[in-house]
Amino acid sequence: MSNLSHDGATLRCQGAGDTGAHLHALPGRQSVLGAGLTISRLLPHPKLRMIGAWCFLDHIGPVRLNDADNIDVAPHPHIGLQTATWMINGELWHKDSLGYEQVIRPGQLNLMTAGHGISHSEESPPQRSDAVHGVQFWIALPESCKDIAPAFEHIDTLPRQQIGQTQVTVFIGELANMCSPAKVYSPLLGAELVGLQDDTITLAVPTQFELGLLVTAGTACVDDTELGLDTLYALGCGRSSLTLTLAAGARVMLIGGAPYGKPVLMWWNFVGHSDEEIRQGLDDWENGDRFGEVTAYSKGTRLTAPALNAGTRLR
Ligand code: MN
């Protein structure tokens, strides 16, 4: 998706980098995009900008689209990041400037690497269900990889295993002896846990990883704390295992990663490491350079970047 609820401020984004197995509850901020699509933005959060290299997290829906409504996010650019899209219900139709056109369905992963620059659109496909429910993440590329060639990867079948009465799917990194084939550029973990029946499971996790939990449906607890919906729970680093209780029907996203270190800049749909880099991306988008064209998108014009005052110093 595009960052449509842009508020003009640029955040210097950094992981907590702290240790100790605390639990911070960070409520999401709700907004409505077109077609009645509700979004809860969990990252970046004023109190926590990143978890490992995970720098952006939107919980999309759940909503029911009216017959006339379709998701339609027109072509927009990205640099310096990867977008990871995960559907819980419904479909999204990705089209990009490399020529990829891909419908994503629940249980699959779309991983788009922006690197030096890519543009894409996201729409409802012609044949769609009424429901839309999903999650979109951005992953900041390490500075050494920020200018890599753009790429797009769709993974149809991911490693999945039932542990006790919980189904665990690993879409990024490694967990419970499962390893996702998705290509990422820093130590990361992304998994979805689904409660088949009420049960408690314990998962080994890398001690050096900052961890985060987001409940997207139902009732779940970590240790003895019940987790609310649309709230990101940041666990910091320092845990070697995680004990989770999921009620039947509960869904939990688990993310983690090694502390990112040097802060990144985020402005609109760009992740960068300097003011100049972000401004160059904006100039290139306005001038029609660098980001190619989403030739498969036929519904109209591409998105216009918000104004960035010449005098504004990005922080
Ligand atoms: Mn996007």
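So, strand 3 and strand 4, which covers residues 38-43: these two pair in the antiparallel sense, over four bridges. One pair to look for is Gln 30, whose bridge partner in strand 4 is Ser 40. And keep in mind, please, that this is a predicted model.

Now let's zoom out to the sheet. Seven strands make up an open sheet, and if you walk across, the order goes 3-4-5-12-7-10-13, with antiparallel pairing. Which strands stand at the edges? That's strand 3, residues 29-32, and strand 13, residues 151-155. Each of them has a single partner strand, so one side of each is left without a neighbour in the sheet. As for the twist, neighbouring strands here are turned by 20° against each other on average, if you ignore direction. Quick reminder on what holds such things together: strands of a sheet pair through backbone hydrogen bonds, parallel or antiparallel.

Okay, second stop: Ser 180. You'll find Ser 180 in the loop between strand 17, residues 178-179, and strand 18, residues 188-195. Is Ser 180 buried or exposed? Buried: the relative accessible area is 6%, and the cut-off is under 20%, so Ser 180 counts as buried.

What does the side chain of Ser 180 reach at 3.0 Å? The backbone nitrogen of Ala 182. A polar atom of that same Ser 180 side chain also lies 2.6 Å from the backbone oxygen of Phe 171. Leaving out residues up to four places away in sequence, Ser 180 touches Leu 158, Pro 159, Val 170, Phe 171, Ile 172 and Gly 173. So Phe 171 turns up twice, in the polar contact and in that list of touching residues.

Note on methods:
Residues numbered from 1 in each chain as written. Predicted model: local features only at pLDDT ≥ 70, side-chain atom pairs only at ≥ 80, totals over all residues. Heavy atoms only, no water. Buried < 20%, exposed > 50% of the residue type's maximum accessible area, 1.4 Å probe, protein only. Polar contact = N/O pair within 3.5 Å; in protein donor to acceptor, adjacent residues only side chain to side chain. Contact = heavy atoms within 4.5 Å. Pairing = 2+ DSSP bridges. Axes fitted to C-alpha atoms, helices over the stretch in contact; angles between N-to-C directions.
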